[in-house]
Amino acid sequence: MPYAKIIATGAFLPEKLVTNFDLEKFVDTTDEWIRTRTGIRERRISAPDEPSSVLAANALTDALDSIGMEKGELDYIIVATVTPDTMFPSTACWLQKHLHITHIPAVDVSAACSGFMYGLSMARAYIESGMYKTIAVIGVEELTKITNWEDRSTCVLFGDGAGAAILQATEDKEGGRILSNYLGADGRYGNLLMKEAEGTLHPATHETLDKGMHYITMEGQETFKHAVRVMKSASVEALKRAGLKEEDLDLVIPHQANIRIIDALANRLKVDYEKVQITIDRYANSSSATIPIALNEANRDGKIKSGDKILMVAFGGGLTWGSVVVRW
Ligand code: ACO
């Protein structure tokens, strides 16, 4: 039976950097409030002519270049995003166009901040079934383009970016591979975190625009409570499926939504704080992109050694959640 191994990572962050102090100039907020409540110091913001597919293509190119792989070796492209270039075609298809990749399947996955966990799990299933051998999974998001800059309770939280992983089939059971994954969703809580208009429920009209229904809305405190609960249970379940304990972990890469959620997870898992990868201070919450960006950073910084056990865990709008345990 083939196993699925992550053989490369990559990332791309837009150039424009906006600090909390920059936000103070046009939002009724302070650096102190944002830092202490969320852990965010600055975020990246994509340019108007830089849609999600461009960020995703750059992240994938970075991953391919890091191992000298030709794009023609890819069998499948999965893009996790809730901020696609267009409702259709998918961002995965636009990415294909940018990179001149033709024929292989390309699809978007919509699971909000858990999207990269869903994408990795799909890629694992394809590879372990023997259907495909080499799959690129990209998490990309441009939440700042659907943010209401007059809503201080949400606009300070988000940033743009993309991260990529390339997975390949391996026969080596004892070597690096995905050991387990766990996914879940609970649609009863969909209203906690959403972009209400521009779908078939509320097609775009002057009224939806006037009411700001094309922006993200979030019930922060309720989302926070679910996040802490679900991040812990999803972590425990993936570890159990991998036959590992919390103390076996070398690195934890949580979704970067709020430093207080990450702290609560580290405490509940009793994991040493140095083993937790943090990027929220520099990139804020870029939804499905936070985990692949953080994974790439740990990988490129030499923080991950062969044989290390890594837990990635996310939750997001839907509600959705997911966790993946990897042996590197
Ligand atoms: N600057 C200054 N004050 C603010 C700001 C701001 N940017 N935003 C809110 N406040 C004020 C509020 O008006 C309120 O004032 P009041 O007491 O006078 O009414 C006060 O600060 C407290 O507001 P809360 O909403 O209670 O603040 P809280 O401590 O809950 O923090 C936050 C808000 C950061 C949003 C937190 O609830 C959170 O992180 N929630 C989870 C977010 C999350 O994980 N989202 C999921 C991922 S996103 C995705 O899936 C796309």
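**Helix α8, the cores and the ligand site**

Helix α8 covers residues 220-242, and because each of its 23 residues should add 1.5 Å, the expected span is 33 Å, which agrees with the 32 Å between its end C-alpha atoms; the expected span of a helix is 1.5 Å times one less than its number of residues. Helices (H or I, at least four residues) and strands (E, at least two) are DSSP runs, numbered from the N terminus. This is a predicted model, in which local features need pLDDT of at least 70 and side-chain atom pairs count only at pLDDT 80 or more, whereas totals for chains, interfaces and linings use all residues. Residues are numbered from 1 along each chain as its sequence is written, and side-chain values use heavy atoms, with hydrogens and water left out.

The buried residues of α8 include Thr223, His226, Ala227, Val230, Met231, Ala234, Ala238 and Ala242, where buried means under 20% relative accessible area, exposed over 50%, and partly exposed in between (1.4 Å probe, protein chains only). An α-helix has 3.6 residues a turn, so residues three or four places apart point the same way. After α8 comes Gly243, whose phi is positive, near 70°.

Within helix α8 lies Ala238, which counts as buried because its relative accessibility is 0%. Leaving aside neighbours within four places in sequence, Ala238 is in contact (heavy atoms within 4.5 Å) with Ser180, Tyr182, Leu311, Ser323 and Val325.

The largest nonpolar core has 45 residues, of which Val252, Ile261, Leu311, Phe315 and Val325 touch the most other members; such a core is a set of buried Ala, Val, Leu, Ile, Met, Phe, Trp, Tyr and Cys residues joined through side-chain atoms within 4.5 Å. Two or more residues of this core come from each of α8, α9 (259-269), β12 (309-316) and β13 (320-327), and the largest share, eight residues, is given by α8. Because domain 1 (3-170) and domain 2 (177-327) both give residues to this core, it lies between them; the domain bounds come from an automatic or database domain assignment. One of the core residues, Ile261, is in contact with Phe224, Ala227, Val228, Met231 and Phe315, again leaving aside neighbours within four places in sequence. Apart from this core lies another, of 30 residues, among them Phe116, Tyr118, Ile253 and Val324.

Val324 also appears among the contacts of Ser121, together with Asn181 and Leu183, when neighbours within four places in sequence are left aside. Ser121 is found in helix α5 (residues 115-128) and counts as buried at 7% relative accessibility. The side chain of Ser121 reaches the backbone oxygen of Met117 at 2.7 Å.

In the loop between β4 (76-80) and α4 (91-99) lies Thr83, a buried residue with a relative accessible area of 9%. The side chains of Thr83 and Glu141 are joined by a polar contact of 2.8 Å, that is, a pair of N or O atoms within 3.5 Å, where within protein one must be able to donate a hydrogen and the other to accept it, and residues adjacent in sequence count only if both atoms are side-chain atoms.

Finally, the ligand is surrounded by 25 residues, the closest being Thr29, Arg37, Cys113, Gln221 and Asn258; a residue is near a molecule if one of its heavy atoms lies within 4 Å of it. Side-chain N or O atoms lie 2.7 Å from a ligand oxygen in the case of Arg37 and 2.5 Å from a ligand oxygen in the case of Gln221, while a backbone N or O atom of Arg152 is 2.9 Å from a nitrogen atom of the ligand.
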